[in-house]
Amino acid sequence: MSPLPQPKGKQPKVIHLSSDQHHVVLGTAGTGKSTMAMMRALHLARPSTANNGPVLVVTFNNALVTYLKYLEPAAQSKITIETYAKFARGYLNSKGHMEWGRIAKPEQVSDAVAKAVQSARRRYRGSVLDRDLDWFIDELHWISGMGFTTEDAYQLADRVGRHTPLQKGLPRKVIWEIRDAYRKFRDEAGFWYDWYDLAAVTRGVFERDSGDRKYLHIIIDEGQDLSPEAIRSLTLAVAPGGSLTFFGDYHQAIYGQGLSWRSAGINLNGRPTEKFVDNLRNTAEIARVAIALAQSTYMKSGDIDLVEPVQPIVGGVKPTLARCVDGDGQIDLVRRFASDRSKVEKVAILARTWESARRVAGPLPYRRLDADLAKWDDEPGLYVGAYHSAKGLEFASVCMPFLDESHVPHPEVLAAYVEDEACAREARLLYVSITRARSTLLMTYSGTLTRLLPDNTDLWDEMVWP
Ligand SMILES: Nc1ncnc2c1ncn2[C@@H]1O[C@H](COP(=O)(O)OP(=O)(O)O)[C@@H](O)[C@H]1O
Ligand SMILES: [Mg+2]
C-alpha cells in the first residue's frame, strides 16, 4: 500500500468525527475503510488535535502496519496497531490473568467438544445430535462470542446469521449441556480458555478493572468478524472521554457469525452510521462480478447493515473464466499467468484451501499470506493463500483456481451446515477474494463450475484451455 492518499468525498468527515463519542462506519469492499482508519488514527494521535491521545488500531493482518512508516514521528509513537488476539493477550498478561499454555488449541477444542457430544448422544436422541462436529464447535464459539453465561440467555436469543435457527426448548437445552460438558472436559485437560473465550474473559476483566486505560482512542478495522464480546471489551478499554470507531463490511463476514455491532454495546445515542459505497479499488468489470454475487440468492439479505455495492467508474478488462481440461490444466494456466504478471505487478493466487493454493503455486517463488506477513510493499511479486487470508489486501491481479463444484462450496462446510448457510458462508469467501483484484481476475475450473458464481450475463469472457 502506498502513502496515504488525499482524502476525498465523505472521507474527511469520517476522519474528523468527534473524538469523545463512538462511531460506526460501514462501507463495501474498496471504499477506503482501512485508509480512513489510518488517517483517523493519525488525526487522533497528532499533538495539534484537541483531545489527542494514544490510539489503538485493531486489525486483521499486519498490512496496515506498513502505513505507519509514512506517518510523522510525533503521531507514529502514539499509534499501536495489532490484532485483537494480541491485544487481549497483552492486556490479560498485564493483569496477571494469562498463562500461556492454558489456551486450548483447535485440536484440543475439537477433542473436548467431541467427547461432550458423545456423552450427550448417550442421553438424548434427536436431529440436533446428528450434526457434524464443526457445527457444534461453531455453535459453542457463537455462545461464548455472544457472552451468554446462562441457558436462559441462550434460550431467549434470536440466532442471527444462521439461516435455520436452532429451535428453542429441548435442542438448545441439549446444546447447553454440551457446552457445560465441553468446558468440564477442557478444564480437566488443563486448558482454561479457548481463543473465543478470550474475548469474554477480557471483557470480564475490563469490567472489574477501575485502573487507568492505556488508549484514549480505539479504531477497529474489519469489525464484522469480531464477536460482540470482543467489541464490548474494546469499548471498555477506551479511556473516559475517548472514542471508539468501528469500520466494517458485513458482506465480508467470513467467520459466519452474522453478528452486528448493534448487539455489542456500541452506543451511538441515535446518531446515524456513516455509509460508503464508492469503490476506489476495483475496476467496473471486477466490481460487477462482486455486485452480482452480493445480489445472488446466497448472499442477498434484508439486513440494514449490508451496504449495497455500486459500480465504480474506472473501466478495465473483463475477468476471464477458463474451462481447463483437468486440474493440471488449471495449474498450468495459472502458473503461466502468475509467473509472467508477477514480474511487473502484485499478483495473488487465492484458493479455497491453503493446500490447493500452494499446489497451484508449486515451484514459483512466492510469499505466503499469513497474518504476520512481515513485509508489505509496493514491489511486484506473487502472493499465495487461502481466500480468508487475503482479507483487507489488494493486488493488481488475482487468480482463483479450482472453482469447481467439488471444491467450492467446500465439502466439509456443506456437511457441517444446512445448505443455505453453507452456501452463504462460502459465497462471502468468494466475495472477499474477488474484491481483492484491482484490475485483472482470472478464474479457472475443469469439471462442473461452482454453483456459487452468478450466471454469466456478460460478466466475464470464457475461454477453453489448452
Ligand atoms: N481518497 C483516496 N484517493 C485515492 N485512492 C484512495 C482513497 N482512499 C482510498 N483509496 C484507495 O482505494 C483502495 C481501497 O482502499 P481501502 O482502504 O483498502 O478500502 P477498504 O478497506 O474499504 O476495502 C486502496 O488502494 C486505497 O489506497
Ligand atoms: Mg480494508
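Reader: In this predicted model, where does P466 lie relative to the strands?

Author: Strand β15 spans residues 461-465. P466 is found in the segment after β15 (461-465).

Reader: Is the peptide bond that joins W465 and P466 cis or trans, and what is its omega?

Author: Most peptide bonds are trans. The bond between W465 and P466 is instead cis. Its omega is about -5 degrees.

Reader: P409 also follows a cis peptide bond; in which loop is P409 found?

Author: The bond from V408 to P409 is cis, with omega near -5 degrees. P409 itself belongs to the loop between β13 (395-400) and α14 (411-416).

Reader: What is the phi of N51, and is this residue buried, partly exposed or exposed?

Author: Most residues other than glycine have a negative phi. N51 is not a glycine, yet its phi is positive, at about 60 degrees. The residue is placed in the loop between α2 and β2 (55-58). With a relative accessible area of 34%, N51 is partly exposed.

Reader: D458 is likewise not a glycine and has a positive phi; what is its relative accessible area?

Author: The phi of D458 is about 70 degrees. This residue is located in the loop between β14 (437-445) and β15. D458 counts as partly exposed because its relative accessible area falls between 20% and 50%; the value is 49%.

Reader: Which residues are the closest to ligand 1?

Author: The ligand is surrounded by 16 residues. By class, this shell has four nonpolar, eight polar and four charged residues. Helix α2 (residues 33-45) gives the most to the shell, with three residues. The closest residues are Q6, Q11, K33, T35 and E394.

Reader: How much of the area that ligand 1 exposes when taken alone does the protein bury?

Author: Backbone N or O atoms come up to oxygen atoms of the ligand at T31, 3.2 Å away, and at S34, 2.9 Å away. At K33, a polar backbone atom is 2.7 Å from an oxygen atom of ligand 1. Taken alone, the ligand exposes 560 Å², and the share of this that the protein buries is 86%.

Reader: How is the ring pair of Y84 and F87 classified?

Author: The structure holds seven aromatic pairs. In the pair of Y84 and F87, the ring centres are 5.8 Å apart and the planes meet at 50 degrees. That angle is neither under 30 nor over 60 degrees, so the pair is tilted.

Reader: About how many helical turns separate Y84 and F87, and which cluster do they belong to?

Author: Both residues are in helix α4 (residues 84-94), three residues apart, which means a separation of about one helical turn. Y84 is buried, with a relative accessible area of 11%, and F87 is buried as well, at 5%. Ring pairs link them into the cluster of Y84, F87, Y91 and F206.

Reader: What is the geometry of the pair formed by W135 and F136?

Author: Both W135 and F136 are buried. Their ring centres are 5.3 Å apart. The planes stand at 90 degrees, so the pair is edge-to-face.

Reader: Which residue lies over the face of W135, and which over that of F185?

Author: The distance to the ring centre is 4.4 Å for the residue over W135 and 4.8 Å for the one over F185. The residue over W135 is R131, and over F185 it is K184.

Notes: Residues numbered from 1 in each chain as written. Chains lettered and ligands numbered in written order. Predicted model: local features only at pLDDT ≥ 70, side-chain atom pairs only at ≥ 80, totals over all residues. Heavy atoms only, no water. Near = heavy atom within 4 Å. Polar contact = N/O pair within 3.5 Å; in protein donor to acceptor, adjacent residues only side chain to side chain. Areas by Shrake-Rupley, 256 points an atom, 1.4 Å probe, with all protein chains shown as cover. Helix = DSSP H or I, 4+ residues; strand = E, 2+ residues; numbered from the N terminus. Nonpolar A, V, L, I, M, F, W, Y, C, P; charged D, E, K, R; others polar. Phe/Tyr/Trp six-rings, centres within 6.5 Å; stacked < 30°, edge-to-face > 60°. Buried < 20%, exposed > 50% of the residue type's maximum accessible area, 1.4 Å probe, protein only. Lys NZ or Arg CZ within 6 Å of the ring centre and 35° of its normal.
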